[in-house]
Amino acid sequence: MTKDVLVQVSGLQVMEEESEPIVLIAPGTYYFKNGKHYFLYEEIDEDGEVSKNTVKVMPDMVDLIRKGVTSSHMVFEMGKENLTYYDTPFGSMLMGITTSAIRFREVSGTRMELEIDYALSMDGKHMSDCNIKINVTAKQ
């Protein structure tokens, strides 16, 4: 895999009867260090604010760190609930992440796929079931 990559993030958040899909494609950086895959990319929201994202994929866990106007450090571990703070300009909220599935595979020397299913709770109350897919492709 090359250092320069394209990162495609697609997600679905299902809350009661509603679902909220997201799709993002951004240039990024990939590296492999100490048995871990790292994907770094920036996200620009509708107000033009930039968030820097780091995804660290380990054999049994995935870390997603987001730094910007809103910040969080989400830890995905099979069958465990991890608590973290979701920081916004209006304050912080305690968020719980319970992971039900992590699928990671290297499709070829030029592509990787990561998919995570998880439940999200705020202050101990279930808020939504979520799915996130991250496809990383080497730039040609």
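On the surface of this predicted model, Leu 6, Val 23 and Ile 25 come together as a nonpolar patch, and their combined accessible area is about 300 Å². Val 23 is part of strand E2, which covers residues 18-33. With a relative accessible area of 63%, Val 23 counts as exposed because it passes the 50% cut-off.

Just beyond this strand, the loop between E2 and strand E3 (36-44) holds Asn 34. Most residues other than glycine have a negative phi. Asn 34 is not a glycine, yet its phi is positive, at about 55 degrees. This residue is also exposed, with 65% relative accessibility.

Turning to the interior, the largest nonpolar core contains 26 residues, and those touching the most other members are Val 55, Phe 76, Tyr 118 and Ile 134. The greatest contribution to this core comes from strand E9 (residues 111-122), which supplies six residues. Ile 134 offers a helpful view of the surroundings: leaving aside neighbours within four places in sequence, its contacts are Val 7, Gln 8, Val 9, Val 55, Met 112, Glu 113 and Leu 114.

Strand E9 also has a partner in E8, to which it is joined by twelve bridges in an antiparallel arrangement. Within this pairing, Thr 98 is found opposite Ala 119 of E9, and a hairpin of two residues connects E8 to E9. Strand E8 (residues 91-108) runs antiparallel to strand E7 (residues 81-88) as well, and eight bridges join these two. Here Asp 87 faces Ser 92 in E8, and the hairpin from E7 to E8 again passes through two residues.

Charged side chains add another set of links, with eight salt bridges in the structure. One of them pairs Glu 43 with Arg 66, whose closest N and O atoms are 3.1 Å apart. This pair connects distant parts of the chain, since Glu 43 belongs to strand E3 and Arg 66 to strand E5 (residues 61-67), 23 residues apart. Glu 43 itself is partly exposed, at 23% relative accessible area.

Another salt bridge joins Lys 56 to Asp 63, with 3.8 Å between the closest N and O atoms. Lys 56 is partly exposed at 21% relative accessibility, whereas Asp 63 is buried at 9%. Arg 105 and Glu 113 form a further salt bridge, their closest N and O atoms being 2.8 Å apart. In this pair, Arg 105 is partly exposed at 49% and Glu 113 is buried at 18%. Finally, Arg 103, Glu 115 and Asp 117 are connected by a network of salt bridges.

Technical notes. Residues numbered from 1 in each chain as written. Predicted model: local features only at pLDDT ≥ 70, side-chain atom pairs only at ≥ 80, totals over all residues. Heavy atoms only, no water. Core = buried A, V, L, I, M, F, W, Y, C linked by side-chain atoms within 4.5 Å. Buried < 20%, exposed > 50% of the residue type's maximum accessible area, 1.4 Å probe, protein only. Helix = DSSP H or I, 4+ residues; strand = E, 2+ residues; numbered from the N terminus. Contact = heavy atoms within 4.5 Å. Patch = residues over 30% accessible without salt bridge, like charges linked within 9 Å, V, L, I, M, F, W, Y side chains within 5 Å. Areas by Shrake-Rupley, 256 points an atom, 1.4 Å probe, with all protein chains shown as cover. Salt bridge = Lys/Arg side-chain N within 4 Å of Asp/Glu carboxyl O. Pairing = 2+ DSSP bridges.
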